[in-house]
Amino acid sequence: MQKLILLIMSVVIISVSPAFGQESLSGQIIILNTDKTAYNDGDIITLTGSVEKVVAGLDMSIQIFSEVDGKTNLVEIAQVIVTEDGQFTKTFVARGSQWQNEGTVIIKATYGQESNELSVKFFKQSGTDFVSSYEVDIPRGGTFDVYYTIKGGVIKSINLNENDLSLDIEIDTDSNGSLSIEIPRNSLDSVDENGFDNNFIVLIYNSDNEYPAQADYNELENTDQIRSLYVPLKDGDNKIQIIGTHVVPEFGTIAAIILAVAITSIIVLSAKTKLPIFTKF
């Protein structure tokens, strides 16, 4: 019933366009823009645009469609006032009974007999149900699995960076999107000197910028074993660096063990040869 009502309203909106405006709108150019290329469930879609020729009393008709399995479904419709200088704007909330399917969303603007459209992507925000995993190599031997869901791109590689105490994630994006990732605490964590959780530092590298930007993130889950993060992404992002306070194996611990073994060996050798450990030159 709701879909039928939307369809009827859509037909009515288009059919009530004033007849006097049709001839004067020949060759009309409609410019249409959105503030993002992809949206998550609950996001606000900000639509802006303009027309060259304004007809008094004629509103812009906006229709939003979703494409699912080759089928196009009407999601929302609206009439928008066009200002005297040809500008129009409208916001939509990507949430509700019609916003159930991920995929391509088509936004169509009709003014008289002319129309223009653009497409964006819509994602349902991931919780802690991860759909993919990546086996990360541990320097000097071993591996661990990282579970994740990425939208708007693909993960090319994940590497453990001992020098920066981080996970370095190489990605390839084709739209705005998000990364939900589950990080094992025994592989990467961020805690203070008392063992209490600290925030991670998340840096995003983008092909359009020379330097990385620190990103806001949401912590989806926090247990004794894992920490799950949700990181928004933008089109053009190519690397995510999640920085903590320690990684496995602890480089400082390994270095201390090697140093202790080396000192012990020197002491044993000195005792056998009766040579002093330190010699003055």
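In the predicted model, Tyr230 of strand S16 is the bridge partner of Ser180, and this pair serves here as the point of entry to the description of the chain. The residue Ser180 lies within the span of strand S11, which covers residues 166-184, and S11 is joined to S16 by eight bridges, the two strands running antiparallel. On strand S16 there is a further pairing, since strand S15 (residues 218-222) and S16 are matched in the antiparallel sense over four bridges. Within that pairing, Glu219 has Leu229 of S16 as its bridge partner, and the two strands form a hairpin in which three residues lie between S15 and S16. Strand S16 itself spans residues 226-233, and because seven of its eight residues are buried, it is largely enclosed by the rest of the structure.

The surroundings of S16 may be set against the chain taken whole. The secondary structure consists of two helices and 18 strands, and of the 281 residues in the chain, 42% are buried. When contacts between residues at least 6 apart in sequence are considered, 63% of them join residues at least 24 apart. The area that the chain exposes is about 16,000 Å², of which carbon and sulfur atoms supply 53%.

The nonpolar interior was examined next. In soluble globular proteins, nonpolar side chains tend to be buried together. In the present model the largest nonpolar core contains 27 residues, and those with the most contacts inside it are Ile169, Leu179, Ile181, Val202, Ile240 and Ile242. At least two residues of this core are supplied by each of the strands S10 (143-161), S11, S13 (201-206), S16 and S17, and the largest share, seven residues, comes from S10. Apart from this core lies another, of 26 residues, which includes Leu32, Leu47, Val82 and Val120. Returning to the largest core, Ile242 illustrates how residues distant in sequence are brought into contact: leaving aside neighbours within four places in sequence, the contacts of Ile242 include Leu165, Leu167, Ile169, Ile181, Ile183, Val202 and Leu229. Also among the contacts of Ile242 are Ser166, Leu188, Phe200 and Ile201.

Elsewhere in the chain, three strands form an open sheet in the order S1-S3-S6, with antiparallel pairing. Strand S1 (30-34) and strand S6 (87-93) are the edge strands, each of which pairs on one side only, and the twist from one strand to the next averages 20°. Strand S1 pairs with strand S3 (residues 44-51) in the antiparallel sense over five bridges, and Asn33 stands opposite Thr48 in S3.

The confidence of the prediction varies along the chain, and the description above should be read with this in view. The mean pLDDT of the chain is 81, and 77% of the residues reach 70 or more. Confidence is highest in strand S17 (residues 237-243), at a mean of 97, and lowest in helix H1 (residues 2-15), at a mean of 46. Over residues 266-270 the pLDDT stays under 50, and for this stretch the model has five contacts beyond four places in sequence. Over residues 273-281 the pLDDT is likewise below 50, and this stretch has five contacts in the model beyond near neighbours in sequence.

Definitions and conventions:
Residues are numbered from 1 along each chain as its sequence is written. This is a predicted model: local features need pLDDT of at least 70, side-chain atom pairs count only at pLDDT 80 or more; totals for chains, interfaces and linings use all residues. Side-chain values use heavy atoms; hydrogens and water are left out. Buried means under 20% relative accessible area, exposed over 50%, partly exposed in between (1.4 Å probe, protein chains only). Contact means heavy atoms within 4.5 Å. Accessible areas come from the Shrake-Rupley method with a 1.4 Å probe; for residues, only the protein chains shown count as cover. Two strands pair if DSSP finds at least two bridges between them. pLDDT is the predictor's confidence in each residue, from 0 to 100. A nonpolar core is a set of buried Ala, Val, Leu, Ile, Met, Phe, Trp, Tyr and Cys residues joined through side-chain atoms within 4.5 Å. Axes are lines fitted to C-alpha atoms, for helices over the stretch in contact, and angles run from 0 to 180 degrees between N-to-C directions.
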